[in-house]
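Me: Please take me through one part of this model closely, and show me how it fits with what lies around it. I am new to this, so explain each term when you first use it.

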Amino acid sequence: MSVSPVCPRCGEVLVVHPGVTDEGWCHLHAAVTPLHYTAVVAHDAIAAVSADARVPAWVPDPMPSGWSVTGLAWGGEPGARAIVVACSGPAPLGGVAEMVLVAEEPGTGLGCGYAGLPGVDPGELVGGPSTAEVQAAGQRAPLWPVPTPDDRAAFVGEAYGVWLWLVTWPASAAWLLAEDLSLLDLRERIYPDLPLGPPSDHLLPGS
Ligand SMILES: [Zn+2]
């Protein structure tokens with residue numbers, strides 16, 4: 001169900017050695033966790049990936065009006081150590097917005113890849129007063145803004161002991177956060193009528 005895995009930091013296709021499932025080689029970033037993804041997202045793929053995942057698979061619950069899940073990517077298999085759920089829908093200020101929700105173990109570099117940051121972890125960006133928050137599986141998760149290119153906005157915090165990233169295009173779609181965004185972990189509850197949509201432009205990092 002997966003096409004060739006890519007680098008979690010830049011989205012380039014990896015060299016993966018036969019028989020090695022937990023490490024790929026990026027010509028820019030050296031050894032990385034392979035990021036797998038589906039070209040077209042389906043409920044059975046979501047169920048299969050989240051079933052044995054080591055990190056949450058976050059989706060908005062409820063989904064904002066008119067929004068759908070448009071992509072799924074996961075780092076490492078089996079037992080994903082990072083999961084990306086991409087969503088798209090009407091932007092709060094008009095037009096179409098996209099959002100990726102990332103849960104990842106430290107050192108993966110996936111959230112930084114979407115945000116456009118050079119490192120693998122947010123480091124000192126997390127600290128001091130938070131500027132936003134979401135409810136992640138019923139727990140308050142403070143979020144901190146991170147510097148990004150002008151076309152997007154990114155926030156990072158922590159939930160379930162791993163990073164939680166939220167990146168939106170355009171930047172103004174971060175207004176979703178002003179509306180009491182709640183996230184559901186698909187490992188804990190199947191969402192049988194989760195709306196699915198066509199593939200997202202921003203499913204892979206570095207785009
Ligand atoms: Zn790379």
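Reply: Strand β7 (residues 96-104) and strand β11 (residues 162-169) pair in the antiparallel sense over seven bridges, where strands (E, at least two residues) and helices (H or I, at least four) are DSSP runs numbered from the N terminus, and two strands pair if DSSP finds at least two bridges between them. Within this pairing, V102 stands opposite W165 in β11. This is a predicted model, in which local features need pLDDT of at least 70 and side-chain atom pairs count only at pLDDT 80 or more, while totals for chains, interfaces and linings use all residues. Residues are numbered from 1 along each chain as its sequence is written.

β7 also pairs with strand β6 (residues 82-90), to which it runs antiparallel, and nine bridges join these two strands. One residue to look for here is G89, whose bridge partner in β7 is A97. β6 and β7 form a hairpin with five residues between the strands, and in this hairpin G94 takes a positive phi near 100 degrees.

How enclosed is β7 by the rest of the structure? Eight of its nine residues are buried, so β7 is largely enclosed by the rest of the structure; a residue is buried if 20 or more other C-beta atoms, placed from the backbone, lie within 10 Å of its own, exposed if 12 or fewer do, and partly exposed in between.

The neighbouring strand β6 leads on to the packing of side chains. The largest nonpolar core, a set of buried Ala, Val, Leu, Ile, Met, Phe, Trp, Tyr and Cys residues joined through C-beta atoms within 7 Å, has 64 residues, and of these I83 and V85 touch the most other members. If neighbours within four places in sequence are left aside, V85 is in contact (C-beta atoms, placed from the backbone, within 7 Å) with A57, W58, V59, V69, L72 and L101.

Helix α1 (residues 43-51) comes into this picture too, with I46, V49 and S50 as its buried residues. They cover an arc of only 90 degrees around the axis, which puts them on the same side of α1; the arc is that of the directions from the helix axis to the C-beta atoms. The buried residues of α1 pack against β6 and β5 (68-75).

Seen more widely, β7 belongs to an open sheet of ten strands with mixed pairing, in the order β3-β5-β6-β7-β11-β10-β9-β8-β12-β4. At the edges are β3 (35-37) and β4 (58-60), each of which pairs on one side only. At the β3 end, three bridges join β3 to β5, the two running antiparallel, and H36 has W74 in β5 as its bridge partner.

The protein chain as a whole has two helices and twelve strands. Its radius of gyration is 16 Å, close to the 17 Å that the globule rule gives for 207 residues, so the chain is as compact as a globular protein of that length; this radius is taken over C-alpha atoms, and the rule is 2.2 Å times the number of residues to the power 0.38. Of the 207 residues, 46% count as buried. Among the contacts in the chain with a separation of 6 or more, 60% are between residues 24 or more positions apart.

Definitions and conventions:
Two residues are in contact if their C-beta atoms, placed from the backbone, lie within 7 Å.
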